[in-house]
Amino acid sequence: MSLITLIIAGLILAALLVLCWVLPHPITWLMAAVMAALFFLVLLPKYHGEQQALTHGQTVAAAVAEVRHWQRKVGDGNYEDNYEIIALWPNPHNGQMVRFVSPPLRQNPQAHLPAAVNVTVDTDNPKNYVMDLSFLPKI
């Protein structure tokens with residue numbers, strides 16, 4: 001997740017809070033509460049975890065296990081293809097396999113996929129990671 005995503009979500013939250021002040025209605029408070037929960041409980045911890053991995057983590061080669069494909073409905077009956085790269089890495093601290101999932105991709109990465117992808121991971125907390133997707137062509 002990028003800083004731009006976090007800033008956009010923060011601006012939407014701020015706009016909803018202003019809307020609650022201008023138009024005090026239970027639905028506006030509910031929308032602001034849901035956005036605040038999303039921002040503070042999901043987006044902000046994910047961003048901080050990725051930054052922690054980038055500053056204090058180590059880069060490891062994770063073996064590509066599969067490419068997951070699914071379709072998402074957009075608009076009136078149109079479907080959009082999405083792909084995720086799933087890679088596995090044995091954690092040296094406890095010997096368990098750690099599963100890394102890339103962000104959703106719009107193009108099928110199968111043709112460009114190496115046997116292993118680089119992942120920068122915080123070895124103390126493997127949930128904090130960033131997968132290097134620089135091998136994929138730019139759209």
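**View 1. Surroundings of W89 in the predicted model.** In this predicted model, W89 is in contact with V60, A61, A62, Q96, M97, V98, F100, V121 and T123, once its neighbours within four places in sequence are left aside. W89 also belongs to the largest nonpolar core, where W89, F100, V119, V121 and M131 are the members that touch the most others among 18 residues.

**View 2. The strands that supply the largest nonpolar core.** This core of 18 residues draws at least two residues from each of β1 (58-74), β2 (78-90), β3 (97-101), β4 (116-121) and β5 (129-131). The largest share comes from β2, which supplies 4 residues. Apart from this core there is a second, separate one of 10 residues, and L6, A9, L16 and M35 are among them.

**View 3. The open sheet and its edges.** Five strands form an open sheet in the order β3-β2-β1-β4-β5, and their pairing is antiparallel. Because β3 and β5 stand at the edges and each has a single partner strand, one side of each is left without a neighbour in the sheet. From one strand to the next, the twist averages 40°.

**View 4. The pairing of β1 with β2, and the helix on the sheet.** The antiparallel strands β1 and β2 are joined by 11 bridges, and H69 has Y83 in β2 as its bridge partner. Helix α2, which spans residues 26-56, packs on the sheet and touches β1, β4 and β5, while its direction makes about 80° with that of β5.

**View 5. N82, a residue of strand β2.** Is N82, which lies in strand β2, buried or exposed? With a relative accessibility of 4%, N82 counts as buried, because the cut-off for that class is under 20% relative accessible area. When residues up to four places away in sequence are not counted, N82 touches R68, H69, W70, R72, P104, L105 and R106.

**View 6. P104, a loop residue in contact with N82.** P104 lies in the loop between β3 and β4, and, not counting residues up to four places away in sequence, P104 touches W70, N82, Y83 and E84. Two of the residues named here also appear in earlier views: N82 as a residue of β2, and Y83 as the bridge partner of H69. P104 and V119 are 15 residues apart in sequence, and their C-alpha atoms are 16 Å apart in space.

Methods: Residues numbered from 1 in each chain as written. Predicted model: local features only at pLDDT ≥ 70, side-chain atom pairs only at ≥ 80, totals over all residues. Heavy atoms only, no water. Core = buried A, V, L, I, M, F, W, Y, C linked by side-chain atoms within 4.5 Å. Buried < 20%, exposed > 50% of the residue type's maximum accessible area, 1.4 Å probe, protein only. Contact = heavy atoms within 4.5 Å. Pairing = 2+ DSSP bridges. Axes fitted to C-alpha atoms, helices over the stretch in contact; angles between N-to-C directions.
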